[in-house]
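This report walks through one protein chain, from its overall make-up to its sheets and then to its aromatic rings. Please keep the sequence and the structure in view while reading.

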Amino acid sequence: MLCGIGWKRTRLLYCLLAAVFLLAVPQPGIFAQGPVLDLTEAERNFIQEHPVIRVGIDPIFAPFEFLDINGHYAGIAPDYLALISAKTGLRFEPAKEVPYAEAQERVLAHELDLLPTLGWTAERERNFLLSQLYYEYKLAIVVREDSPVNNIDDFRGRPIAVQGNTSNADFAFSVLKASLSLYESEEKAVLAVSDGREEAMLGYLPTVVYLIRNLGLSNLNYITFDSDINKGFHMGVRDDWPELRRILDKVFSSITQAEKTEIQTRWILLSDSGERWRIARVAYAAAAVLLVMLIFIVLKIYSHRKKIARHRQNEIDLREMVSQRTEELQNQTRLAVEASRAKSAFLARMSHEIRTPMNVIIGLSEVLLQRDLPADASGDVLNIKQAGISLLSIINDILDFSKIEAGKMDIVNTDYMFSSLMHDVENIIKFKLEEKPLEFVTNIDAGLPSKLRGDMVRVRQILLNLLGNAVKYTNEGSVTLTVSGTAREDGKILLSFEVADTGIGIRQEDMRKLFGSFNQVDPQKNHGIEGTGLGLAISQNLCRMMGGEITVRSTYGKGSVFTAVIPQSVADKRPFGQRAKATEAAKPGAEKRNIGFTAPEARVLAVDDSKVNLAVIESLLQPYGMNIDTCQSGEIAIALVKQNQYDLVFMDHMMPGMDGLEAASEIRRLEGGSSIPIVALTANAISGMREMFLENGFSDYLSKPIDLAKLDKLVAAWIKEDLKVKNKPD
Ligand code: ADP
């Protein structure tokens, strides 16, 4: 991966690049190399006295010497001069202002010092001090491609183009015996051949190749040959400076082959070496492009690496922040949990401690109330007792709530009679109803199972809370308890307890606060109503612990409906009573009773302080078609017996105020009362009860929950035969 390259590797890459760069660029420093010159004192003195040598130049004699487009003196000869400079310290100054035609004259006149590109002629040998041959070349005759001439001997006596005032002109004339057509430069002579003005031209091979390539003259061909007398260039020194010629010769002798090759490859485009130069140029260009690309890539990698490093740092910082924050939050949560536990533990301990003296207060108030106290004292004690009871209920709420919060509230599952649950609930709520002109309506599905398995105490607590609230927050109208059940696939029954009231209702915005702890909503309306704001929170929690839920709907000012749904296991699925509606009696379950008769003329009285129980007995007796009166106290029962002629009385045992035993004995004392069959109806089923009731004036005994077969047997036994209307067999 590019971004994974380490810094060390990047540095290595830089070094490689530098190496490529150094190799790709030609090295001028090579001029400074070679054997050290062994100069005489005279020569060294000469150099000291003549540090600047003035050079006569041919400005258009490429590639040997010329002025480039920037006016710089360039070419093979200037490179040799540079080499001489490097080795001797002499400085060569080109006399650019002097035309080449004049240059030789000037050297003769000692106005210039040196001519660097002289081919050998006898005349030059006489006029100048010629150095040794420092650069060798071949000669070439240029012809057009379609020319029949291919041999130098063919030019004898024929015209040939040549640059004037050169050794070539001399050679063409004296050796080839050609007729000369003189041109100012070799370039002009080559062009003349290319465009057909001349048949052939004679020139130096390097110049010819250089010109053909540079001018793009594709229609030309050339013949090369060696000349004995015109083999290459000498440098021509003014005739009074033999020291300079000696210095030059020493330098030329010291020039290495590498130095010569370098100068050659730089300027000469001779066949393969020219090609090499072209390839080298392409290679240099490619290397340069490659270099740029590599630098670009390296910079990219570097910046990418920096970015990654930055991101990594950010990530590390972020992780550190998150872990710090998490630790803080964990600490805070731990502290909050500890605080909550401490609070719950404190509340639990405190409520438990208060409960004990509260029980004493309530218990002793009760004991006092049993005594004969003066009327005002008895009122005070009653107040103490009631205040104690309400304080105890608050403490109980707090204790329950703390237990739930601390996770210490357990659900205890045992078998229980559904009728007992309903009975208890009704009995307790009845006392609360006494203080208010409210109707209490119950609507309980008689088909619900008689025996359930679950935590009856907690179910009862929930129901009492919902009913208690309904009574508390309703001033007139009614409170209705509707109980129904739905069988579930897992064999359990989902009980639905719906408590509807016609009370003050709850505002929509207060709904979600209802189940919060210590929340009392609508404080203005609820002013003066006692409560901790814990009841619903406890009930909802208990409900959920049992797998149920409490929901509420309400219309502000009109009333509320709280519904608790609670799943319970079924221990005995036989119905706890019959459905209240007469039509339901036709159902298969009812038919199985096969009661054999009806008694439409018979009149029955059922006495029970529990409305639920009354509803149950009423519905169980329904198939007999008898007239059934009900009442909830002994006193009313006596009044009713006085008014009506009853054929059978069902009397509950334990009732507030006058109990069943008392009421029965009162009835017996009434006129005609001794002959009325009175059946004791009681949940007290311990042995010896039957005897006790019979001794106390009862005619018979039936325990709750009511066994249908026993009831039918009892009705058949006690309803007089003349009141019975036999049922037709099916
Ligand atoms: P409290 O002990 O105050 O009754 P609860 O948790 O049982 O506490 O009820 C919370 C609040 O919900 C009550 O203070 C009351 O404002 C409101 N509330 C509960 N039941 C009813 C209802 N049947 N009708 C109107 N408001 C009710």
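Among contacts in the chain between residues at least 6 apart in sequence, what percentage join residues at least 24 apart? The share is 71%, a value computed, like every other in this report, from a predicted model. The chain has 730 residues, of which 43% count as buried, and its secondary structure comes to 21 helices and 28 strands. Its accessible surface comes to about 38,800 Å², and 55% of that surface belongs to carbon and sulfur atoms.

**Strands and their partners**

Strands of a sheet pair through backbone hydrogen bonds, and the pairing can be either parallel or antiparallel. One open sheet in this chain is formed by three strands in the order β2-β3-β4, with antiparallel pairing. Strands β2 (60-61) and β4 (73-74) stand at the edges and have a single partner strand each, so one side of each is left without a neighbour in the sheet. Further along the chain, strand β17 pairs with strand β15 and also with strand β21. The table sets out three of the strand pairs, each with a pair of residues that face one another.

| Strand pair | Sense | Bridges | Facing residues |
|---|---|---|---|
| β3 (residues 65-67) and β4 | antiparallel | two | Phe66 and Ala74 |
| β15 (residues 414-417) and β17 (residues 449-454) | antiparallel | four | Asp415 and Arg453 |
| β17 and β21 (residues 559-575) | antiparallel | four | Leu452 and Val570 |

**Aromatic rings**

The count of aromatic pairs comes to 20. In one of them, the rings of Phe61 and Phe64 have their centres 5.0 Å apart and their planes at 55°, so this pair is tilted. Phe61 and Phe64 are both buried, and ring pairs link them with Tyr135, Tyr137, Tyr204 and Phe233 into a cluster.

Which parts of the chain does the pair of Phe66 and Tyr210 tie together? The centres of these two rings are 6.5 Å apart and their planes stand at 45°, so the pair is tilted as well. Because Phe66 lies in strand β3 and Tyr210 in helix α8 (residues 205-215), the pair ties together parts that are 144 residues apart in sequence. Phe66 and Tyr210 are both buried.

Rings also meet charged side chains: the charged end of Arg238 sits over the ring of Trp241, 4.0 Å from its centre, while the charged end of Lys724 sits over the ring of Phe597, 4.9 Å from the centre of that ring.

Note on methods: Residues numbered from 1 in each chain as written. Predicted model: local features only at pLDDT ≥ 70, side-chain atom pairs only at ≥ 80, totals over all residues. Heavy atoms only, no water. Pairing = 2+ DSSP bridges. Buried < 20%, exposed > 50% of the residue type's maximum accessible area, 1.4 Å probe, protein only. Contact = heavy atoms within 4.5 Å. Areas by Shrake-Rupley, 256 points an atom, 1.4 Å probe, with all protein chains shown as cover. Phe/Tyr/Trp six-rings, centres within 6.5 Å; stacked < 30°, edge-to-face > 60°. Lys NZ or Arg CZ within 6 Å of the ring centre and 35° of its normal.
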